[in-house]
Structures are given as structure tokens and as C-alpha cells.
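Me: I have a structure open on my screen and would like to go through the labels people put on it. Could you show me how each label is earned?

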Amino acid sequence: MAAPRASLHLVAAIWNGSTRSIHGLGGAVAPEGNQKKKTLLQFLAGYFYDVEYLREYLLQNQMLLLHKKNRSLAHISENYGPYITGAFFILHLGGAVRFQNKEWIRLNKRGQFPLEFLKFQKVPIEAVDASGCDINYEGLDNLLPLKELQSLSLQRCPYVDDWCLNRLYPLANSLQELSLAGCPRISERGLASLHHLQNLRRLDISDLPAVSNPGLTQILVEEMLPNCKVVGADWAQDLKLEPEDQPQDRANPVPT
């Protein structure tokens, strides 16, 4: 059965290059016959004029996907409550959760998670492991209602930044352990905003590339949170003097 005339015209226009917009590719089908199969690179080259445009397009798609992952799950919260909502959000990102007096729940080898946690609507979540997950500022909306949360791991989260840390104050009454190790976007400014988490007992701020002076920063954080064990850089080694700044032995001067 022949395809509608309008569809044929649309496909022909796209294939011949007269339609350059990526939005026009949605319903296009490559014509059959003597057309040679194109490689992916050749196909992309036909619709993107330069590498910069392609890079911007891929970056935009990445941001859209990130926004979708971190969208608010208010509709789930209305039906199941904040604990199920928080668990579903973290498990969907590939993390793990532990309900009070329960075992850890995480993805299995097939990338699936058990739905038994749906029975825990009244059971608080006491620990969240979001290590390496694509959680961002928006996604925290699904975690902040967990008022009994005691342990939160955000290790190596690429989108956790200073603004995210500034939002953690609703967890101040319960949060005792926080790991920020390996987060590339956290700086001294974000760590300073943790002053409201006075119930913290352990804080990991190791391997933060955006922190210019890890040793000095650790000392300041320890003064800010006196009851918290701060794990980070070897501050003693970080504060070592340079060779030219070290005091010299006057009796045995170093020859010039």
C-alpha cells in the first residue's frame, strides 16, 4: 500500500537536505532502493554544520535528561507519602536506601529493584546512598522531607554543588553522617553553609578538586562543627612549608 503523498514529500525534503532542523527527523524514514547506507558519523555530518553545534545539541539533551531524572515526584508523595517517594527517587537514580530496622534496598544485577518497599509507607528512611548518582539541586526536593534521615552519602555526585549544600538545613535535626567525597563542584563556600548541621558526627570532605586549600579548609570546618569528626586531606602535610620558606640552620648554611 502506497504511503500518503504528503509523507513522501516530507521524507524527500529531509533526505535531500532542504530541511536542516533536527526536529524534522522525528518521522523521517530513509528511502529504500539504491541509496547507500550511511554511517552514524556521515548521518550526523549531514545535519550539523560544525562540531560546536553538535556539542551544544548533545549538551542540551544531557541537561534535559538530567532535569527529567530530578523532577519533583509530588504525585507519588500524595499517594504514598514522603518515604516511598524518597526511596523511589534514589532507587530510580541507581542508589540505595535503608528503611528503619530494615536491610539495604538497591538495584539487582538486572537493574531492577524490589517493590516490597511499597509496604513501608509508615517506616522512616534512615540512610541514603546516592554515590555517583545524577542528583542535583532540583532533585533534593524528593529527599528533604525525610526528617528522620541520619546518613546521606553524596560521594562522586557530578552535579552536587554549593547550592545543594545550602539546601540541607531541613535535615539539621536528624542528619549525623554526610559524605561529600569526590564531588567536583563543591568549594569552600558550600562547606561553610554546613554550619547549621550541628548534629553531624562524621563528615567526609576528601578529594574535592574545587577546594583550593584542603588542609586549611578542614581546620575551619572542624572549628565550625566541633562535635563532628571531619575526614579529609592530611592537613599537616598540606600546610608544610615550601623549601625556601623553611628555617635554615645557621651553623650549616646551605651553599648558594
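Reply: Happy to. Let's begin with a term we will need: helices (H or I, at least four residues) and strands (E, at least two) are DSSP runs, numbered from the N terminus. With that in hand, D207 can be placed in the loop between β6 (202–204) and α8 (214–224). Please keep in mind that this is a predicted model.

Me: Why is D207 called exposed?

Reply: Exposed means over 50% relative accessible area. D207 has a relative accessible area of 61%, so it counts as exposed. Its backbone deserves a look too: phi of D207 is positive, about 55°, although the residue is not a glycine.

Me: Which other residue has a positive phi near 55° without being glycine?

Reply: R156 has one, and R156 lies in the loop between β4 and α6. For a glycine with positive phi, look at G94, which follows α5 and has phi near 100°.

Me: What makes α5 largely enclosed by the rest of the structure?

Reply: Buried means under 20% relative accessible area. In α5, 9 of the 12 residues are buried, so the helix is largely enclosed by the rest of the structure. The buried residues are Y83, I84, T85, G86, A87, F89, I90, L91 and L93.

Me: How do you know that the length of α5 is close to what is expected?

Reply: The expected span is 1.5 Å times one less than the number of residues. For helix α5 (residues 82–93), with 12 residues, that gives 16 Å, and the helix reaches 17 Å from its first C-alpha to its last. The two values are close.

Me: Why is the pair of F99 and F120 called edge-to-face?

Reply: Two rings pair if their centres lie within 6.5 Å, and planes over 60 degrees apart count as edge-to-face. The centres of F99 and F120 are 5.1 Å apart and their planes are at 65°, so the pair is edge-to-face. This pair links distant parts of the chain, with F99 in strand β1 (residues 96–99) and F120 in the loop between β2 (104–105) and β3 (125–129), 21 residues apart. Both F99 and F120 are buried.

Me: And what makes the pair of F113 and F117 tilted?

Reply: Planes under 30 degrees apart count as stacked, over 60 as edge-to-face and the rest as tilted. F113 and F117 have 50° between their planes and lie 5.8 Å centre to centre, which makes them a tilted pair. F117 has 1% relative accessibility, so F117 counts as buried. Together with F88, these two residues form one aromatic cluster. In total, the structure holds 3 aromatic pairs.

Me: How do you know that K69 and D134 form a salt bridge?

Reply: The cut-off is a side-chain nitrogen of Lys or Arg within 4 Å of a carboxyl oxygen of Asp or Glu. The closest N and O atoms of K69 and D134 are 3.1 Å apart, and the pair forms a salt bridge. K69 lies in helix α3 (residues 51–69) and D134 in the loop between β3 and β4 (151–153), so the bridge ties together parts that are 65 residues apart in sequence. K69, at 29%, is partly exposed, and D134 is partly exposed too, at 23%.

Me: What are the N to O distances in the bridges of R98 with E126 and of R167 with D141?

Reply: For R98 and E126 the distance is 3.0 Å. That pair links strand β1, where R98 is, with strand β3, where E126 is, 28 residues apart. For R167 and D141 the distance is 2.6 Å. R167 lies in the loop between α6 (162–165) and β5 (177–179) and D141 in the loop between β3 and β4, so this bridge ties together parts that are 26 residues apart in sequence. The structure holds 3 salt bridges.

Me: Why is R167 called buried?

Reply: The limit for buried is under 20%, and R167 has a relative accessible area of 16%, so it is buried. Its partner D141, at 39% relative accessibility, counts as partly exposed.

Me: What makes R167 a charge over the ring of Y137?

Reply: The distance limit is within 6 Å of the ring centre, and the charge must also lie within 35 degrees of the ring normal. The charged end of R167 sits over the ring of Y137, 4.7 Å from its centre.

Key: Residues are numbered from 1 along each chain as its sequence is written. This is a predicted model: local features need pLDDT of at least 70, side-chain atom pairs count only at pLDDT 80 or more; totals for chains, interfaces and linings use all residues. Side-chain values use heavy atoms; hydrogens and water are left out. Buried means under 20% relative accessible area, exposed over 50%, partly exposed in between (1.4 Å probe, protein chains only). Rings of Phe, Tyr and Trp (its six-membered ring) pair if their centres lie within 6.5 Å; planes under 30 degrees apart count as stacked, over 60 as edge-to-face and the rest as tilted.
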